[in-house]
Amino acid sequence: MSEVAYIYPVFVIPKGFNLFDKLVMWFTRSKIAHVAYYLEDENKLIEPQPYDHLWNAYWYYNTLEKHKNEILEIYRLQVTSEQKFLTEKWLKYLANTKTFYNYLGVLGFILPFFTSNGGYFCSEGVYDAMQFADIIKSDLPGWQINPVMLRSIVQDLGGELYKKLYIDNNGKTRQI
């Protein structure tokens, strides 16, 4: 029997909105604009973010402090130790290879003939990692999953809000 473990999907609510965040929130009719994954042991995130400009975005390791003026809702979902290992293996692969952001997939929510440019957008990457680990048992492809849908899936699987953090403009983190 496998040991009990936890995975930590993160849902980001920005306070200072950029245009891309506004578009995601408008489309999903939600305050959630982004998804990341929390590595609790390292106090780091794995997520796609722009590198030097918006169109040069890829997956990498990030600090919580990089999310200035944002709220991070960190969910905790009980899984087996093997499922946690496989989820994190998938996401670490995306970060270690600097897999690029799937802008065409995001456009696919509005124009359905766009599906993928070979990369992964935020909710797509975390969803596919959870599918790879056999946590999510669905035939739906990841490029059809937006951040709000992923939070609902995590909640339906028994995931609970673990921490709600606010990172101020100075990078200081406080629990709310």
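## A walk from the rings to the core

Let's start with a charge on a ring: the charged end of Lys44 sits over the ring of Tyr61, 5.5 Å from its centre. Arg76 does something similar with Tyr6, lying over the ring face at 4.4 Å from the ring centre. Keep in mind throughout that this is a predicted model.

Rings also meet rings here, and the structure holds six aromatic pairs. Take Tyr8 and Tyr38, which form an edge-to-face pair with 6.0 Å centre to centre and 85° between the planes. This pair links distant parts of the chain: Tyr8 is in the loop between strand S1 (4-7) and strand S2 (9-14), while Tyr38 is in strand S3 (residues 34-39), 30 residues apart. Both Tyr8 and Tyr38 are buried. Add Tyr162, and ring pairs link Tyr8, Tyr38 and Tyr162 into a cluster.

Now step from Tyr8 into S2. Six of the six residues of S2 are buried, so the strand is largely enclosed by the rest of the structure. In a regular strand, side chains alternate between the two faces of the sheet. You can follow that along S2: Pro9, Phe11 and Ile13 point one way, Val10, Val12 and Pro14 point the other way, and all are buried.

What does S2 pair with? S3 is one partner, antiparallel to S2 over four bridges. Strand S6 (residues 70-80) also runs antiparallel to S2, joined to it by five bridges. Phe11 is a handy place to see this, as its bridge partner in S3 is Val35 and its bridge partner in S6 is Glu73.

Ile13, another S2 residue, takes us on a short detour. Lys31 and Ile13 are 18 residues apart in sequence, yet 5.7 Å apart in space, C-alpha to C-alpha. Lys31 belongs to the loop between helix H1 (19-28) and S3. Buried or exposed, then, is Lys31? With 62% relative accessibility, Lys31 counts as exposed, whereas Ile13 is buried.

Back to the inside. In soluble globular proteins, nonpolar side chains tend to be buried together. The largest nonpolar core here has 32 residues, of which Leu91, Val126, Met130 and Leu150 touch the most other members. The elements giving two or more residues to this core are S1, S2, S3, S6, helix H2 (81-96), helix H4 (122-132) and helix H5 (147-156). H4 gives the most, with five residues. For a feel of how the pieces meet, look at Val126: leaving aside neighbours within four places in sequence, Val126 is in contact with Pro9, Val35, Ala36, Tyr37, Trp59, Leu91 and Leu150. There is also a second, separate core of 11 residues, which includes Leu45, Leu64, Ile74 and Ile167.

Leu91 brings us to H2, where it is one of the buried residues. At 1.5 Å a residue, the 16 residues of H2 should span 22 Å; the end C-alpha atoms are 22 Å apart, which agrees. The buried residues of H2 are Gln83, Lys84, Leu86, Thr87, Glu88, Leu91, Leu94 and Ala95. An α-helix has 3.6 residues a turn, so residues three or four places apart point the same way. What covers the buried residues of H2 includes S1, S3, strand S4 (44-50), strand S5 (57-63), S6 and H4. After H2 comes Lys98, with a positive phi near 50°.

Technical notes
Residues are numbered from 1 along each chain as its sequence is written. This is a predicted model: local features need pLDDT of at least 70, side-chain atom pairs count only at pLDDT 80 or more; totals for chains, interfaces and linings use all residues. Side-chain values use heavy atoms; hydrogens and water are left out. Rings of Phe, Tyr and Trp (its six-membered ring) pair if their centres lie within 6.5 Å; planes under 30 degrees apart count as stacked, over 60 as edge-to-face and the rest as tilted. Buried means under 20% relative accessible area, exposed over 50%, partly exposed in between (1.4 Å probe, protein chains only). A charge sits over a ring if NZ of Lys or CZ of Arg is within 6 Å of the ring centre and within 35 degrees of the ring normal. Two strands pair if DSSP finds at least two bridges between them. A nonpolar core is a set of buried Ala, Val, Leu, Ile, Met, Phe, Trp, Tyr and Cys residues joined through side-chain atoms within 4.5 Å. Contact means heavy atoms within 4.5 Å. The expected span of a helix is 1.5 Å times one less than its number of residues.
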